[in-house]
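The following exercises are to be worked through with the sequence and the three-dimensional model at hand. Please attempt each task before reading its solution.

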Amino acid sequence: MNRILLFFYFVSLLVVMVGFYGMNSFTAVLEEDDTGGSNPAMVIPVFILPFFFYFLYGTTELSMRFAERYKNRNVRLGSAVVSAAAAFGIAVYTFARAQALRNEIVQKLDHIESASQMPLLNLYSNSIFFNPMTFILIILLCYIAGVLWSVSRKRRQSAENKRSD
């Protein structure tokens, strides 16, 4: 990655981190007489979406370049498996916390009769979905994509080298 693209990557990283922090700050406190209302944090992704996409691409590209430094294919795939296990653990933990919060919302708010009436991503769950752990989840998913990209690229290069011989 040349310097200007790396600069844009770090700008995107900063904007996405500030966006995550901003969305987390819009978490409402669950009170018994609350109506729920709309989620103003969902306006933030509209503005940071181009930065978010560039951040995803840049993280995947850097992960691919990082994974290519490993000469052993098994080390690359092993790191992808460990990353996948960590990502799965974070995703399950986040989903369980959101489900528990949704059940708590049903108990506290009288106008909601069942958990299916309340989406997982709501005004009260911003702190669950927009925190450092879910940010790490995004980075882990990009790393897995980068490793797989690296492995397929190496495989394609070795196949082309065999054809040219």
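Three exercises follow, each with a worked solution, and the model to which they refer is a predicted one.

**Exercise 1. Overall form**

Task: Determine how many helices and strands the protein has, and decide whether it is compact or spread out by the globule rule.

Solution:
- Step 1. Count the elements: the protein contains 5 helices and 0 strands. In sequence order the pattern reads α-α-α-α-α.
- Step 2. Apply the globule rule. For 165 residues the rule gives 15 Å, whereas the radius of gyration of the protein is 20 Å, well over that value, so the protein is more spread out than a compact globule.
- Step 3. Consider the dimensions: along the principal axes, the C-alpha atoms fill a box of roughly 75 × 30 × 20 Å.
- Step 4. Consider the contacts. Of those with a separation of 6 or more, 80% are between residues 24 or more positions apart.
- Step 5. Turn to burial and surface. Of the 165 residues, 35% are buried. The exposed area is about 10200 Å², and carbon and sulfur atoms supply 65% of it.
- Step 6. Locate the charges: there are 15 positive and 11 negative side chains, and the centres of the two sets are 25 Å apart.

**Exercise 2. Helix α3 and A87**

Task: Establish what span helix α3 has, which elements cover its buried residues, and whether A87 is buried or exposed.

Solution:
- Step 1. Helix α3 comprises residues 73-108, 36 residues in total. Its first and last C-alpha atoms are 52 Å apart, close to the 52 Å expected at 1.5 Å a residue.
- Step 2. The buried residues of α3 include R76, S83, A87, I90 and R102. Among the elements covering the buried residues of α3 are α2 (44-68), α4 (126-129) and α5 (132-164).
- Step 3. A87, a residue of helix α3, has a relative accessibility of 6%; buried means under 20%, so A87 counts as buried.
- Step 4. Beyond its neighbours within four places in sequence, A87 is in contact with L137, L140 and L141. A87 and I139 are separated by 52 residues in sequence and by 9.2 Å between C-alpha atoms.

**Exercise 3. S12**

Task: Decide whether S12 is buried or exposed, and state which residues S12 touches.

Solution:
- Step 1. S12 belongs to helix α1 (residues 3-25).
- Step 2. The relative accessible area of S12 is 4%, under the 20% cut-off, and S12 is therefore buried.
- Step 3. With residues up to four places away in sequence not counted, S12 touches F51, Y54 and F55.

Conventions. Residues are numbered from 1 along each chain as its sequence is written. This is a predicted model: local features need pLDDT of at least 70, side-chain atom pairs count only at pLDDT 80 or more; totals for chains, interfaces and linings use all residues. Side-chain values use heavy atoms; hydrogens and water are left out. Helices (H or I, at least four residues) and strands (E, at least two) are DSSP runs, numbered from the N terminus. The radius of gyration is taken over C-alpha atoms; the globule rule is 2.2 Å times the number of residues to the power 0.38. Buried means under 20% relative accessible area, exposed over 50%, partly exposed in between (1.4 Å probe, protein chains only). Contact means heavy atoms within 4.5 Å. Accessible areas come from the Shrake-Rupley method with a 1.4 Å probe; for residues, only the protein chains shown count as cover. Lys and Arg count as positive and Asp and Glu as negative; His and the chain ends are not counted. The place of a charge is taken as NZ of Lys, CZ of Arg, CG of Asp or CD of Glu. The expected span of a helix is 1.5 Å times one less than its number of residues.
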